[in-house]
Amino acid sequence: MSCPHTEQELTAYLDGELELTSALTFERHLEECTDCARALAAQRALREAIGAAGLRYRPTPAQTRRLRRAATAEPAAPGWPSWRGLQAIAAIAGLLLVAVASWSLGRVWPPRSAPDLAEQVVSSHVRSLLAGHPADVASTDQHTVKPWFTGKLDYSPTVVDLAEKGFPLAGGRLDYLGNHPVAALIYRADRHVINLFTWPAAYTPDGSGPEPAASTRQGFHILHWTQGGMTWWAVSDASEDRLRELARRLGAAN
Amino acid sequence: MASYAIITETEPPACAAMLSKIRDRLFRQDSRRARFEQAVLPHLDAAWDLARWLTRNDQDAEDVVQTASLRALQFFDGFQGGNARAWLLTIVRNAFYSWLQQRHRGHEIADPFDEEIHSRAESGLADPEAELLRQADSRLLRQGFESLPLPYREVMVLRELEGLSYKEIAAIAGIPIGTVMSRLARARRHLQDFLIAHGVKEGRR
């Protein structure tokens, strides 16, 4: 490129990683410099192609099982336990008994403070991933998912399939957040799972507006906004850009 | 009689102290384990994706992720909370590089770009080429990713497939943000050139 703006600047602009002032300067520059505009168009096209190609590797169910076992198993003790080993086992059995007894106490005391909503949302997302089947009703058809909620909730969640926009619907689930039963919709984006929660804003008034607010917890991106009397929470390990795009598409569909 | 009196006097406090110690210990183990699983299990897919792209085959990816899981458990006490995904991916990446050093003594790290392809850059892209790129065949795109040398491949996977920010990538790869930026720029340029050199769609040219 024969202009003062570098390819790196262009790449950072594409990724939304330029600071605001630099981004504005660069945008002004784009209007004048056809080379940069063309290079940006090519990079955007490349990114779209990457997004559509589904390049992310996913472990097979068997691989997932083995990986989970490796991540959760204590290092195995080799060999048959000796007499001392048996003594130790007896001692452990005794301790377990005590543990179970005190566990029941530990459940109720000390009382834990209630986690905030963002935390509940992330926990719910994590639970749904750990269970391996995020959806109670697994369907890509909005006309199957939406009626499924009838009778389970005292409101009717908006369910739209956005497969053509790169966010195929994968199903729905009943969840319990902010002391209410709520709808969780599961979308996919480039093989990432997105949990989208929606409920009447009156359940949990927090003064949020239609402009999605982003935050990050435990490495998950969270987007939260309120629109049309409904409150929305989207959580995923997909990029914040993708979540914002989903929010935009939902806004356009409603 | 005397001994009975002694036992009843001394045992309760000693016993209670011991029990509470045991209880504390078990709970600490228990909650540590639960916190570990809560932090790590949701990110096994991301760990797999990175390891699979770095090692380029299933078997080695599995070894790397398993090693990383064990290390993660071992070092979990040092994890301050916060971004569990970036933390786990850092460990996966480190596990991969130790594995690579053992196996290949770092040959691949020095892989240069295919300059033949790369040298045809700077020709300027016509608008129809952007259109062509958009329709790039996914198999060819995968080959393009695989043809990226390691330092470029890892930042592209973390950015494009895992959606991490420059800051997170910099922390994971242990490089400055400016380097993340320049590697991404170069990797994307390489991919574009690769796709165009191979006719974008398989079977063309």
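**Exercise 1. The span of a helix**

What should the 21 residues of H4(B) span at 1.5 Å a residue, and how far apart are its end C-alpha atoms?

*Solution.* The structure is a predicted model, in which local features need pLDDT of at least 70, side-chain atom pairs count only at pLDDT 80 or more, and totals for chains, interfaces and linings use all residues. Residues are numbered from 1 along each chain as its sequence is written, while chains are lettered from A and ligands numbered from 1 in the order in which they are written.

Step 1. Helices (H or I, at least four residues) and strands (E, at least two) are DSSP runs, numbered from the N terminus. The expected span of a helix is 1.5 Å times one less than its number of residues.

Step 2. For the 21 residues of H4(B), this gives 30 Å. The end C-alpha atoms are 30 Å apart, which agrees.

Step 3. H3 of chain B, residues 58–74, can be treated in the same manner: its 17 residues reach 24 Å from the first C-alpha to the last, close to the expected 24 Å.

**Exercise 2. The two sides of a helix**

Determine which residues of H3(B) are buried and how they are placed around the axis.

*Solution.* Step 1. A residue is buried if 20 or more other C-beta atoms lie within 10 Å of its own, exposed if 12 or fewer, and partly exposed in between; the C-beta atoms are placed from the backbone.

Step 2. By this rule the buried residues of H3(B) are B:Ala61, B:Val64, B:Val65, B:Ala68, B:Ser69, B:Ala72 and B:Leu73. They cover an arc (taken from the directions from the helix axis to the C-beta atoms) of only 165 degrees, which puts them on the same side of H3(B).

Step 3. The face turned away from this buried side carries the exposed residues B:Gln59 and B:Gln74.

Step 4. An α-helix has 3.6 residues a turn, so residues three or four places apart point the same way.

**Exercise 3. Chain B and its core**

Describe the make-up of chain B, then locate B:Leu88 and B:Val180 among their contacts.

*Solution.* Step 1. Chain B has 10 helices and 0 strands. Buried residues make up 39% of its 205 residues.

Step 2. A nonpolar core is a set of buried Ala, Val, Leu, Ile, Met, Phe, Trp, Tyr and Cys residues joined through C-beta atoms within 7 Å. The largest one has 67 residues, and B:Leu88 is among those that touch the most other members, as are B:Ala47 and B:Val65.

Step 3. Two residues are in contact if their C-beta atoms, placed from the backbone, lie within 7 Å. Leaving aside neighbours within four places in sequence, B:Leu88 is in contact with B:Val40, B:His43, B:Ala47 and B:Ala72.

Step 4. B:Val180 belongs to helix H10 of chain B and counts as buried, with 28 C-beta neighbours inside 10 Å. Beyond four places in sequence, its contacts are B:Val155, B:Tyr166, B:Ile169, B:Ala170 and B:Ile175.

**Exercise 4. Strand pairing in chain A**

Identify the partners of strand E3 of chain A and the residues that stand opposite each other.

*Solution.* Step 1. Two strands pair if DSSP finds at least two bridges between them.

Step 2. Strand E2 (residues 180–189) is joined to E3(A) by 7 bridges, and the two run antiparallel. Here A:Arg188 stands opposite A:Val193. The hairpin has 2 residues between the strands, and A:Asp190 takes a positive phi near 45 degrees.

Step 3. E3(A) also pairs with strand E6 (residues 230–236) in the antiparallel sense, over 7 bridges. The bridge partner of A:Trp199 in E6(A) is A:Thr231.

Step 4. In E3(A), residues 192–200, 8 of the 9 residues are buried, so the strand is largely enclosed by the rest of the structure.

Step 5. For a further hairpin, take E4 (residues 213–217) and E5 (residues 220–227) of chain A, which run antiparallel and are joined by 5 bridges. A:Arg217 has A:Phe220 as its bridge partner, and A:Gln218 takes a positive phi near 50 degrees.

**Exercise 5. Where the chains meet**

State how many residues each chain gives to the contact, and of which classes those of chain B are.

*Solution.* Step 1. The contact takes 53 residues from chain B and 47 residues from chain A.

Step 2. On the side of chain B that touches chain A, H1(B) gives the most, with 9 residues.

Step 3. Ala, Val, Leu, Ile, Met, Phe, Trp, Tyr, Cys and Pro count as nonpolar, Asp, Glu, Lys and Arg as charged, and the others, Gly among them, as polar. This side of chain B therefore divides into 28 nonpolar, 10 polar and 15 charged residues.
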